[in-house]
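Thank you all for making time this morning. I would like to walk you through one structure, beginning with a single helix and then stepping back to the whole chain.

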Amino acid sequence: MKLSQYNYSFSPDMLAKYPAENRDESRLLVLNRKTGKIEHKIFKDIIDYFTPNDILVFNNTKVFPARLYGNKEKTGAEIEIFLLRELNKELRLWDVLVDPARKIRIGNKLYFGDDDLLVAEVIDNTTSRGRTLRFLFDGDYDEFKATLYKMGETPLPKWVRPKVEEIDKERYQTIFAKYEGAVAAPTAGLHFSKHLMKRLEIKGVGMAELTLHIGLGNFRTVDVEDLTKHKMDSEQIFIPQETADAVNDVKRKGGKVCAVGTTVMRTMESSVSTEGFLKPYEGWTNKFIFAPYDFSVANCMISNFHLPYSTPLMMVAAFAGYDALMEAYKVAKEEKYRFGTYGDAMLIL
């Protein structure tokens, strides 16, 4: 498969700018991989497709307020910082993206807040846009983190909406978010409401969690035609023993193992035994999944509708089958499904 094959007729008005009024009332396109049959449902109808023999696996990462606005020393030029990863807790070192990057040099100081409450010094240039900052802060770590997050903004992708609004603080976060570390939400999980989760629990459907702290690698442009040459950024993952045990039990019994989103699928496929079972793991993954690919763990997945040329689209195409997925996307466009972060969902069986 080549990059050029992952294009489709797309226009920005297909993107959802706001979430559905209720989390579980987005639209749901159900695709059967074997038959190619397509059904149109509401997301909360998803309960009808699962039994007590099945399990849903969720990504419990939590989005932190990663976007900050500040000024450069001397010139006062406005700059935008996107926090990517904490490198060293004691030294207050962070990997960040800077915009505009071209005028930011090693040794420059950046000021944040009305009273310059937070100051950072550029200590390394890692890429054309990336920098390492050392935050200069007198208080203890908890005070520093609280100050940093108070100044930060919910990192809603700017192609959704240029300005963050109050609704995003709650809705750009899953209801099962627990462990802080993501700069983007696991969007397939955004459709689950407390009420739907309770109904699934009452029905006896299994539920398990793992963690992948989503970085910007998910959104990085693929700029090579030969997909084998593309390198994904590493992201931190954690698969608990109890999740591996629960998933493997369902797998042995022949039930549905459903990956709720591409991040869950990537995480599970990053730690598989030679017999095809899920192994507990704590570490990093840079796994890039595209067709042809034999999936070992999940036999079902939930996904949003992804943008052309994106790595999540490539993974979903590998799982659903390229032709079946492209036909489903064509139908979704005709039926005016909403695409992107706050858009509608697919269940692929």
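Let me start with helix α6, whose buried residues are T311, P312, L313, M314, M315, V316, A317, A318, F319 and A320. Please keep in mind throughout that what you see is a predicted model. The helix runs over residues 311-320 and is mostly covered, with 10 of its 10 residues buried. What do the buried residues of α6 pack against? They pack against two helices and three strands, namely α5 (262-269) and α7 (322-334) on the one hand, and β1 (27-31), β16 (300-304) and β17 (345-348) on the other. Directly after α6 comes G321, and the phi of this residue is positive, near 100°.

Now to the chain as a whole. The secondary structure of the protein chain comes to seven helices and 17 strands. The radius of gyration is 21 Å, close to the 20 Å that the globule rule gives for 349 residues, so the chain is as compact as a globular protein of that length. If you follow the C-alpha trace along its principal axes, it spans about 65 × 45 × 40 Å. Of the 349 residues, 54% count as buried, and among the contacts between residues at least 6 apart in sequence, 70% join residues that are at least 24 apart.

Turning to the surface, the protein chain exposes about 16300 Å², and carbon and sulfur atoms supply 49% of that area. As for charge, there are 49 positive and 49 negative charges, and their mean positions are 3 Å apart.

I would next like to look at one residue in some detail, N59, which lies in strand β3 (residues 55-59). Is N59 buried or exposed? Its relative accessibility is 2%, and because anything under 20% counts as buried, N59 is placed in the buried class. The side chain of N59 reaches the backbone nitrogen of L212 at 3.0 Å, and it also makes a polar contact with the side chain of T263, at 3.1 Å. Leaving aside residues up to four places away in sequence, N59 touches T174, F176, P186, L210, T211, L212, I214, T263 and V264, so that L212 and T263 appear here again as contacts.

Finally, some words on the backbone. Most residues other than glycine have a negative phi, and most peptide bonds are trans. With that in mind, which peptide bond leading into P100 or P292 is cis? The bond from D99 to P100 is cis, with omega near -5°, and the bond from A291 to P292 is cis as well, also with omega near -5°. P100 sits in the loop between β7 (93-99) and β8 (109-112), while P292 is found in the loop between β15 (281-285) and β16, the latter being a strand that we met among the packing partners of α6.

There are also two lysines to point out. K74 is not a glycine, and yet its phi is positive, about 70°; this residue is in the loop between β5 (67-72) and β6 (78-88), and it is exposed, with a relative accessible area of 85%. K336, likewise not a glycine, has a positive phi of about 60°. K336 lies in the loop between α7 and β17, and with a relative accessible area of 64% it is exposed. Both α7 and β17 are among the elements against which the buried residues of α6 pack, which brings us back to the helix where we began.

Note on methods: Residues numbered from 1 in each chain as written. Predicted model: local features only at pLDDT ≥ 70, side-chain atom pairs only at ≥ 80, totals over all residues. Heavy atoms only, no water. Helix = DSSP H or I, 4+ residues; strand = E, 2+ residues; numbered from the N terminus. Rg over C-alpha atoms; globule rule 2.2 N^0.38 Å. Buried < 20%, exposed > 50% of the residue type's maximum accessible area, 1.4 Å probe, protein only. Contact = heavy atoms within 4.5 Å. Areas by Shrake-Rupley, 256 points an atom, 1.4 Å probe, with all protein chains shown as cover. Lys, Arg positive; Asp, Glu negative; His and termini not counted. Charge placed at Lys NZ, Arg CZ, Asp CG, Glu CD. Polar contact = N/O pair within 3.5 Å; in protein donor to acceptor, adjacent residues only side chain to side chain.
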